[in-house]
Amino acid sequence: MTGEHEVLRVLADRVRRGSRPGERRDGHRVALAVEGGGMRGTISAGMALALHESGVAHAFDAVYGASAGAITGAWLLSGTPEQLTGWAEPVYARAMIRPSNLLRGRPVVDVRNLVEHLYREVARMDFDAVLANPVEYHPLATDVRTGRSTDLRPHLTGPAELRLALRASAALPFLAGPPVELAGRLYYDAGLAESIPYRTALAQGASHVLVLRSRPAPPAGTRTTAARPGARPSYGARLVAATVLREYPEALHRSFLTRAHRLLDDDAVLTRYDQSMPPASAPPAGGRTPARPAVLSVRPAPDAPRVGRLTRDGEPLKAALEAGRAAVGRLLRPLGLLTVG
């Protein structure tokens, strides 16, 4: 990736002009899309932190987040984005990842405790600041009835609804317990339908999208098992579908069981965008999608530390946060923008 990519050109121009949301004159709609992945989201959180530290966060018109990426997006817009460092703190991880809960019949990933206790009483998030920020906040989740990715922004009528949206976006079946009800509908984790939330941003009229990825790019020529023609979902996925999701509509089952294929397709589409090439197929219809939007992904380096969805140890999490910061630093430094590291 180079400083010549259209997404970087527009961001740099906005920063240098001191452009602010609600006062734009360039005619663009620039979105930030943040991938999640449980504690792997520590990497994309480090990227978001670097955007704040470099003075680039105000150059976006909207922030879209999926699962852990929705939580990161909220912190970025909260008024205290420096608290994104909390992703690398063991107390944060242990508040959310509780393996012993499995023996008690409780969720292993306790998003309710994280949002309703830690974010209200300990590492306090200013929910009102998120809602009042002129940069639009768009947390995504998967509608249980339709199996489709859903933008929860229309339901963010107050802090309580915002907390429910954060919980809904990260409500992974089995690991995080039952779906979350918001505005009379049930929602599961955004990753069931849209783990990399760039498609909704484009469908809603974004002309430029910067995507913060939590996974390094696979080695050239790598082909996973899921990429094989006719490959079946993993045994674990089929077991969850047959048990935890058995009472829910077939549309939700399809979304859950095709996640791996959808991720491969997203990787291919985003790679073409990175190369400033239009994708072979357009994103979902709707909104004001431009004919040739510009999309750029930021990924951690190939040698970045590997963290899993349930990682709780502070050392790899801190290394992952720094890997995310470094990735954005490499991207912004050639533009002459102030960055860290």
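This is a short walk through one buried helix and the aromatic contacts of a predicted model.

Let's start at helix 3, which spans residues 68-76. Nine of its nine residues are buried, so the helix is largely enclosed by the rest of the structure. Those buried residues run from small ones, including Ala68, Gly69 and Ala70, to Ile71, Trp75 and Leu76.

Trp75 is a good place to turn to the aromatic rings. A pair of aromatic rings is described by the distance of the centres and the angle of the planes. The model has four aromatic pairs. In one of them, Trp75 meets Tyr119 edge-to-face, with 5.2 Å centre to centre and 85 degrees between the planes. This contact links distant parts of the chain, as Trp75 belongs to helix 3 and Tyr119 to helix 5 (residues 111-122), 44 residues apart. Both Trp75 and Tyr119 are buried. Together with Trp87 and Tyr92, they form one aromatic cluster.

Now look at Tyr188 and Tyr248. Their ring centres are 5.9 Å apart and their planes stand at 90 degrees, so this pair is edge-to-face. Tyr188 sits in strand 6 (residues 185-188), while Tyr248 is in the loop between helix 9 (235-242) and helix 10 (250-257), so the pair ties together parts that are 60 residues apart in sequence. How exposed is each partner? Tyr188 has 1% relative accessibility and counts as buried because the cut-off for that is under 20%. Tyr248, at a relative accessible area of 23%, is partly exposed.

One last stop brings in a charge: Arg163 lies over the face of Phe127, at 5.2 Å from the ring centre.

Notes: Residues numbered from 1 in each chain as written. Predicted model: local features only at pLDDT ≥ 70, side-chain atom pairs only at ≥ 80, totals over all residues. Heavy atoms only, no water. Buried < 20%, exposed > 50% of the residue type's maximum accessible area, 1.4 Å probe, protein only. Helix = DSSP H or I, 4+ residues; strand = E, 2+ residues; numbered from the N terminus. Phe/Tyr/Trp six-rings, centres within 6.5 Å; stacked < 30°, edge-to-face > 60°. Lys NZ or Arg CZ within 6 Å of the ring centre and 35° of its normal.
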